[in-house]
Amino acid sequence: MSRRPTEILPGVYYWTAFHERIGQDVGSYYVADGGTAIDPKIPSAGSMAIPGEIRTILLSSGHHNRDAAALSASTGAPIKGLPQVVAVLDGKLAAEAVPEGQPVNGTATPHHVGAICDDEGAVHIAVGEGALVIADAALLDLHGAISFMPDHLIGDEPERVKQELRVSLSRLLTLEFDSLLFTHSEPLIGSGKAALREFLDQPPGA
């Protein structure tokens, strides 16, 4: 069930909204310090439910354009993402490329993940003890455990892709964060880095 924006960390808000194309709810985030909306779908209560001015729309993946165009049109906020994100959009949206590791509005920084698709990314949020938004590479399942996306969504060579994802996600462990924020399942607030490290340390197929 879709939910209204809720503060999950100081100044960081999370909500879900139904995505018509894939037929399920997806997660979006808003960082008040800087006014950055990440992978936004418009909440069921409307865009006014987002608790602050949207200064920038940041996409963690080119496949997460969602309601970016509508929000950009109504707020004047530019759409931004990694160069790989802009390339996948291929002119469908007017988006600006942001180099990997360059902060947006001081608090949200995109990082490249790749493997599952070239535009797969993550966004580090420098608020409190830090948080990391992961696009499609991993999710938190119903039992509270981190897992990769199902094999049929990963591609024709899921084991190869998952191994490449392990390498890419391991690089993100150098960042300062304590919470993991997913776009297709519930966020993990606190102990997120430890949980990600434990997951990546598991042998393939475990």
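A charge sits over a ring if NZ of Lys or CZ of Arg is within 6 Å of the ring centre and within 35 degrees of the ring normal. The model is predicted, so local features need pLDDT of at least 70 and side-chain atom pairs count only at pLDDT 80 or more, while totals for chains, interfaces and linings use all residues. Residues are numbered from 1 along each chain as its sequence is written, and side-chain values use heavy atoms, with hydrogens and water left out.

**Exercise 1. Charges and rings**

Find the ring under the charged end of Arg166, then do the same for Lys193.

Solution. Start with Arg166: its charged end lies over the ring of Phe199, 5.6 Å from the ring centre. Now turn to Lys193, whose charged end sits over the ring of Phe177, 5.3 Å from its centre. To finish, search the whole structure for aromatic pairs (rings of Phe, Tyr and Trp, the latter by its six-membered ring, with centres within 6.5 Å; planes under 30 degrees apart count as stacked, over 60 as edge-to-face and the rest as tilted). That search gives three aromatic pairs.

**Exercise 2. The seven-strand sheet**

Work out the strand order of the sheet that holds β1, and explain why β1 and β7 stand at its edges.

Solution. Strands here are DSSP runs of E, at least two residues long, numbered from the N terminus, and two of them pair if DSSP finds at least two bridges between them. The order is β1-β2-β3-β4-β5-β6-β7, an open sheet with mixed pairing. β1 (3-9) and β7 (95-97) each have a single partner strand, so one side of each lacks a neighbour in the sheet. From one strand to the next, the twist averages 30° (axes are lines fitted to C-alpha atoms, and angles run from 0 to 180 degrees between N-to-C directions). Next, look at β1 and β2 (residues 12-19): they run antiparallel, joined by four bridges. Here Thr6 stands opposite Tyr14 in β2.

**Exercise 3. The four-strand sheet**

Trace the sheet that contains β8, and decide whether β8 is mostly covered.

Solution. This open sheet has the order β8-β9-β10-β13, with mixed pairing. Its edge strands, β8 and β13 (179-182), each pair on one side only. The twist averages 25° from one strand to the next. β8 (residues 108-112) is mostly covered, with four of its five residues buried (under 20% relative accessible area, 1.4 Å probe, protein chains only). Five bridges join β8 to the antiparallel β9 (residues 121-125). Across this pairing, Thr109 faces His124 and Pro110 stands opposite Val123.

Conventions:
Buried means under 20% relative accessible area, exposed over 50%, partly exposed in between (1.4 Å probe, protein chains only).
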